[in-house]
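Dear colleague,

I am handing over the structure below, and my notes on it follow directly underneath. Please read them with the sequence and the coordinates open beside you.

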Amino acid sequence: MSALKRTAITLLAAAAVAGTSLSTAGTASAASYSCKTSSSSYDDPSYNGPDSDNWEFDVKLCAMRSGGYIHTTATVYWDGPYSSGTNNSFTFNKARFHLEIKKSVSGPDPVVKSANYTGLEGALENSSAAGNGSYKTGTLKYKAGSGRYLADGYIQLDWSGDGKDYKAPIQFTASPTV
């Protein structure tokens, strides 16, 4: 066999092995979020009329372990009263989603990092004409030690005109542990 043919065969074999290794490494290292969606219904305390005034919330809490870090995020979906409509800045004084990274332990899971996402108020007040919408928080990142972690969080609403601050948190089910 000529030297040129041996070189060509060697290069093709090396390329095939390198291609296999690269595609396997890319697939094996790809991380994905583990998520849990749960629901809650909340009554607007400032309205006592005949129309429906409940806000139906679905929250998707997600956690991922990647590169020695825990990443968490949340997406809030809602079906509000038809009257909530678009550009209604009179519904809430404040609204926020409180996102937490917790370390999973026996007993209550301690919060290791948290953040409040106040953009929820604007998103709620700018719902579709039918009162629907969604809001995605930013991503919380935490340097992970040993053990398992999860995403948890809740909504807090301060209704306009009731003279009170945030109501009790609207709780949701935490993400699976990662």
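Cys62 is buried, with a relative accessible area of 5%, whereas Cys35 is partly exposed at 31%; here buried means under 20% relative accessible area, exposed means over 50%, and partly exposed is what lies in between, with a 1.4 Å probe and protein chains only. Before going further, I should say that this is a predicted model, in which local features need pLDDT of at least 70 and side-chain atom pairs count only at pLDDT 80 or more, while totals for chains, interfaces and linings use all residues. Residues are numbered from 1 along each chain as its sequence is written, and side-chain values use heavy atoms, with hydrogens and water left out.

These two cysteines form a disulfide, with an S to S distance of 2.1 Å, the term being used for a pair of cysteine sulfur atoms within 2.5 Å. The structure holds one disulfide, and the link of Cys35 and Cys62 is right-handed, with 115° about the S-S bond. Because Cys35 lies in strand S1 (residues 34-43) and Cys62 in strand S2 (residues 54-66), the pair ties together parts that are 27 residues apart in sequence. Strands (E, at least two residues) and helices (H or I, at least four) are DSSP runs, numbered from the N terminus.

The strands that carry the two cysteines also pair with each other: S1 and S2 run antiparallel and are joined by 10 bridges, where pairing requires that DSSP finds at least two bridges between two strands. Within this pairing, Lys36 stands opposite Leu61 in S2. S2 also pairs with strand S3 (residues 69-79), again in the antiparallel sense and over 11 bridges, and Ala63 has Thr72 in S3 as its bridge partner. The hairpin of S2 and S3 has two residues between the strands, and Gly67 takes a positive phi near 60° in this hairpin.

As for the chain in general, there are two helices and nine strands, and from the N terminus on the elements run α-β-β-β-β-β-α-β-β-β-β. Of the 178 residues in the chain, 34% are buried. Among the contacts (heavy atoms within 4.5 Å) with a separation of 6 or more, 69% come from residues 24 or more positions apart. The accessible surface of the chain comes to about 9700 Å², of which 54% belongs to carbon and sulfur atoms; accessible areas come from the Shrake-Rupley method with a 1.4 Å probe, and for residues only the protein chains shown count as cover.

With best regards
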